[in-house]
Structure formats: structure tokens, C-alpha cells
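Colleague: I would like to go through the terms you use for this model. Can you give the reasoning behind each one?

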Amino acid sequence: MIEVESLSKIYGASHAVEEVSFAVGEGEIVGFLGPNGAGKTTTMRILSCFMAPSSGSARIAGFDILHNSLEVRRSIGYLPENAPLYGEMSVRDYLSYVAVLRGVPKAQRAVRLEAALDAGKLEERADTLIRKLSKGYRQRVGIAQAIVHDPPVLILDEPSSGLDPRQRAETRHFIKSLAPQRTVLLSTHILPDVQETCSRVIVINAGRIVAQDAVENLAAGASGLSLVLARPAPDASEKLSRVAGVAGVRREPDGAFSLDLAGQNDAREEIAQLCVAENWGLLELSRRRANLEEVFLKLTTSD
Ligand SMILES: Nc1ncnc2c1ncn2[C@@H]1O[C@H](COP(=O)(O)OP(=O)(O)OP(=O)(O)O)[C@@H](O)[C@H]1O
Ligand SMILES: [Mg+2]
């Protein structure tokens, strides 16, 4: 549904986005993660035809963003980082106006308007002027306008930003309810939301994709072992790092050893044997499963 190929955006001398490629399949909900300034908004603006790339290409629902931008806009619901709303319009008038702009047939407008108000839980504020709404309610109007024309693809730039916990939960629920009829790419900094709503994540750092995988695979890949020894020899770290499947050994401040594993390799048995053979006094050997936050920090921190 979303196919991105070697997309780059250059501002002056700096690459905001560099050779970015990824795909999002029909019915998938994919999280687009990265630190501030990583290039998420830039990528999403390009995909929504708000901005042309410097090079590369992308297709949405089969339509090329450069050559079929009209069809792309019709196929996409886009929630920008700062939704451009008209303060002097009421919520209802604004959503009707957007429905007309996006070509919703007259006969369907009333139904789509109600669906959009429901998606944003905006029924009670439908006749309020947008300028009188709080930040969170404006965000809800942004979500409502993104789906008013019933697009198959949604691109949501930080949909939960500024929402209270209750509305955040409702937004999560709403996003989950969009699959499998719709394809969703969403950026966010709220990692627990990602864990709950997304089947897959794409991580971007300094304009480049640094990982893309299912949430549980990312966590598994970054998991490791924790080892506590009573009498570790000075060369214990070095010997441990030579065990097959061990990718790295760190000494924690509390004296425990943290071992990174390569791939899915389970090196526990060999490690236990080594500790016994060396008489280091094996007190504890346990698996450490990384959470998404640890994985994210690891992927986006340059060493
Ligand atoms: N109009 C512009 N002119 C020059 N540089 C820009 C412009 N817009 C964005 N950039 C730069 O492009 C890079 C990517 O910005 P972008 O807004 O895509 O990041 P982001 O991942 O959305 O970050 P955030 O999490 O803060 O929203 C940043 O270094 C930013 O300073
Ligand atoms: Mg952004």
C-alpha cells in the first residue's frame, strides 16, 4: 500500500532524509519512530504530496507521488504535525468543508461527517468554533479531518500529541480499529502506544532507516543475559566474550556482567560450563529481555 524507494530530501547542505526505503502492506499499522529531527515529518509530508523529494520515489495505493498526486491525495488521510485548522469555523462546518474539498459525493457527506465526528469523539463540540477548542480537542479535529473522505491509507504525524491519558487510550483504540480495512503509518514518541497498536516499527535516525521489524523481534534481537559471579577472574570478560553466540560483554556498576547475544543464539549452557570450569562461583544467570525503549535508545544513540 505504501512503497518508498530511496527517498531523499536535502535542505541546503544537510540531508533531512537520506535514501529511505520501506514498504507498508495493506492492513498493517506501522509505527514510524525516531528522535526529534530524525526525518519523520519530512518523510510523511513527502508521502502526502505536501512537499517534493530531492530524489527517490514513492507510491501510495499504487499511485506515484510525483505523477499521480491527485489520486495520492484522495487515497490518503494525513494528520500533519500542526493541523492547519480554520479558527473561525465550527468543527462541523470545517469537516463539511474538508469533505467537499476531498471530493466526497454529496449523498455521502452527512454519513461521513458523522463518522468523522465519532472518530474524534467530537459530537459534543460539533458546533464550537475551532479557535475556542483546547489543544487536545484541536488534535481530535485533526484526526477527524484525516478520515472524513474514508481513505484507505492514513498517515498520522504524532496523533496522540497533546491528548489526555483517557483520550490517548481512545485514540489507540480507534487506530487499532482502522486495521485491517486501512493501512496506517503513524509517528509517535509514546513507545507504550507503539507496543500496543503497531504490528511493526520502522526506526529512523538522522535521516536514515536504522531498523524495521516486528516489535517483538526488535526486542528479542536486543535481549541478552545477566550473569553474577562470586569470584570473577580479571580475564572473565574476555573469556566470556569468546563463547559462541556472545556479541558483547559489559560490566555493570553493581559488578554483574551483561552479555549481548548475537541473533537468537542461546549461549546459556556454554556460559554455565565455562563459569564452573573456571571456578568463578556462578551465582546467577538469567535472561534479560529488552523493552522497546531500550531498543530505541540503542538504535538511536551514536557511540
Ligand atoms: N524547512 C526546513 N528547512 C531546513 N531544514 C529543515 C526544514 N524542515 C525540517 N528541516 C530539518 O530536517 C530534519 C528533519 O526534520 P523533521 O521535522 O522531519 O524531523 P522529525 O523526525 O519529524 O522530528 P520531531 O520528532 O521533532 O517532530 C531536521 O534536522 C530539521 O531541522
Ligand atoms: Mg516531526
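Colleague: Why are helix α3 and helix α4 called oblique to each other?
Modeller: This is a predicted model. In it, the axes of α3 (residues 91-101) and α4 (residues 106-119) cross at roughly 125 degrees. Angles from 65 to 115 degrees count as roughly perpendicular, and those over 145 as roughly antiparallel. The α3 and α4 angle fits neither range, so the two helices are oblique. Their axes come within 10 Å, and the crossing is right-handed.

Colleague: What makes α3 and α5 roughly parallel?
Modeller: Helix α5 covers residues 135-147 and packs against α3 at an angle of about 30 degrees. The cut-off for roughly parallel is under 35 degrees. The pair is therefore roughly parallel. The axes of α3 and α5 are 9 Å apart. This crossing, too, is right-handed.

Colleague: How do you know that strand β14 is hardly covered?
Modeller: A residue is buried if 20 or more other C-beta atoms lie within 10 Å of its own. Strand β14 spans residues 282-288, and the count of buried residues among its seven is zero.

Colleague: Which strand is joined to β14, and how do the two run?
Modeller: Strand β11, residues 224-229, is joined to β14 by six bridges, and the two run antiparallel. In one of the pairings, valine 228 has glutamate 284 of β14 as its bridge partner.

Colleague: What makes up the shell around ligand 1?
Modeller: Three residues are nonpolar, six polar and two charged. Glycine counts as polar. Among the shell residues are Gly34, Gly37 and Gly39, along with Lys40 and Glu81. Helix α1, residues 40-47, gives the largest share, three residues.

Terms used: Residues numbered from 1 in each chain as written. Chains lettered and ligands numbered in written order. Predicted model: local features only at pLDDT ≥ 70, side-chain atom pairs only at ≥ 80, totals over all residues. Near = placed C-beta within 6 Å. Helix = DSSP H or I, 4+ residues; strand = E, 2+ residues; numbered from the N terminus. Buried ≥ 20, exposed ≤ 12 C-beta atoms within 10 Å, placed from the backbone. Pairing = 2+ DSSP bridges. Axes fitted to C-alpha atoms, helices over the stretch in contact; angles between N-to-C directions. Left-handed = near helix turned anticlockwise from the far one by under 90°.
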